[in-house]
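Visitor: I have a structure open and would like to learn how to read its features. Please take me through them one by one.

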Amino acid sequence: MTSASDSFIEALPKAELHVHLEGTLEPALKIVLARRNGHAIQSMTEDDIRAGYVFDDLPSFLALYYEGVELLQTEQDFYDLCYAYLKKVASQNVLYTEMFFDPQLHTRRGIAFETVIKGISRARADAQRDFGIRSQLIMCFIREMSAESADETFTQALPYLSEIIGVGLDSDEKGNPPAKFAHVFRRAREAGLHVTMHCDIDQQNTHEHIRQALEDVGSERLDHGLNVLEKPELLQQARERHIPFTVCPFPNMAIRPGSNEKDIRALLDAGLTITINSDDPGYMQSVYMNEAMKMARDGAALTPEELVTISRNAFNAAWIGAEERRAYLDRLDTFARREGVAAIG
Ligand SMILES: [Zn+2]
């Protein structure tokens, strides 16, 4: 079987299920925001900024990420951030995206929840009008912050729940298991929201965290979650429940150099439902959806059939209604037929 070509990947109708809006902040937009808000990095070049993007684990990445977040101040800043991401991925044939956002990174520095969500919501509407791309929001809690802070954030979000499709959990996993947030996840489920969470790669107590996510706090997906491969009982559960895994080739490569290849192939061979996603493209050499899929293809020698299946997995895992899903899957089927690829599933 031959690997899929670049042009096949570029034309493939896609959905993205794991991208952090704050992580889409590109150096060029950083400079615009710094000028607008009078921040010192306005005198830096894009290359200077990129040269500082060195990380090899989760804490070193988060330090960079939190620094960038400081540049987001006004509703217009959040609008510009979200609109730029949606414009970019719409040009890559991403039809639909579910975007994480981290309100606590902003509210803890005195920015109102309303400022954040209004800017993002306006950008979503404008991007749908301008580029036809549909998007929804997943509100993430910062796991190194307290459970009480997560609860307060959920309360702040109550007037805006119609703008939010699900909740997630991200940031520093060490010592911050899913069970810490059981209460807020229960509130979210009772309010009719979907639930997902990060189980980052090679974290302390990772298997127990994956177990809690699947069994105790009702996670419908696993973001990353690759360590599931090491525990047959978790693997079996994930497979039987068809838990979608949102796999992100770039950070995999950064954290486990050289292992992307066998990781993605091993997930597929284990019969798991995987999707391919970008994560934080602004900090990860502008690896958006097309580039992430090419990385996965290069690593695991993915065939056109496998990429169609991966794209189908993403549309099936999306938190959307039956009619919308059917419309995306029809477009995917039409594409696959045109390319002579047998539609699977
Ligand atoms: Zn992530």
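What follows is a short tour of the metal site, the pocket and two backbone angles.

Guide: This is a predicted model, where local features need pLDDT of at least 70 and side-chain atom pairs count only at pLDDT 80 or more, while totals for chains, interfaces and linings use all residues. Residues are numbered from 1 along each chain as its sequence is written, and side-chain values use heavy atoms, with hydrogens and water left out.

Visitor: Which residues coordinate the zinc ion?

Guide: Donors are N, O and S atoms within 2.8 Å of the metal (3.2 Å for Na, K and Ca); water is not among the atoms, so sites may look incomplete. Here the donors are His 18 (NE2), His 20 (NE2), His 198 (NE2) and Asp 279 (OD), at 2.1 to 2.3 Å. Their spacing along the chain is H-x1-H-x177-H-x80-D. One pair links distant parts of the chain: His 18 in strand 1 (residues 14-20) and His 198 in strand 5 (residues 194-199) are 180 residues apart. Strands are DSSP runs of E, at least two residues, and helices are runs of H or I, at least four, numbered from the N terminus.

Visitor: What is the geometry of the site of the zinc ion?

Guide: Four donors count as tetrahedral if all angles lie between 85 and 135 degrees; four count as square planar if opposite donors are over 155 degrees apart and all others between 65 and 115; anything else is irregular. This site, with angles of 81 to 173° among its 4 donor atoms, is irregular.

Visitor: Is His 18 buried or exposed?

Guide: Buried means under 20% relative accessible area, exposed over 50%, partly exposed in between (1.4 Å probe, protein chains only). His 18 is at 0%, so it counts as buried. His 20 is buried at 4%, and His 198 is buried at 3%.

Visitor: What lines the largest pocket?

Guide: A pocket is an open set of points on a 1 Å grid over the protein atoms alone, where a 1.4 Å probe fits, with protein on both sides within 12 Å along at least five of seven lines; lining residues have an atom within 4 Å of a point. The lining includes Lys 30, His 39, Glu 67 and Tyr 283. Helix 4 (residues 58-69) gives the largest share, 3 residues.

Visitor: Which residue in strand 6 has a positive phi?

Guide: His 224, in strand 6 (residues 221-224), has a phi of about 70° although it is not a glycine. His 224 is buried, at 2%. Ser 286 also has a positive phi, of about 50°. Ser 286 sits in the loop between strand 8 (273-276) and helix 14 (289-300), and counts as partly exposed at 26%.

Notes:
Tetrahedral: all angles 85-135°; square planar, octahedral: opposite > 155°, others 65-115°.
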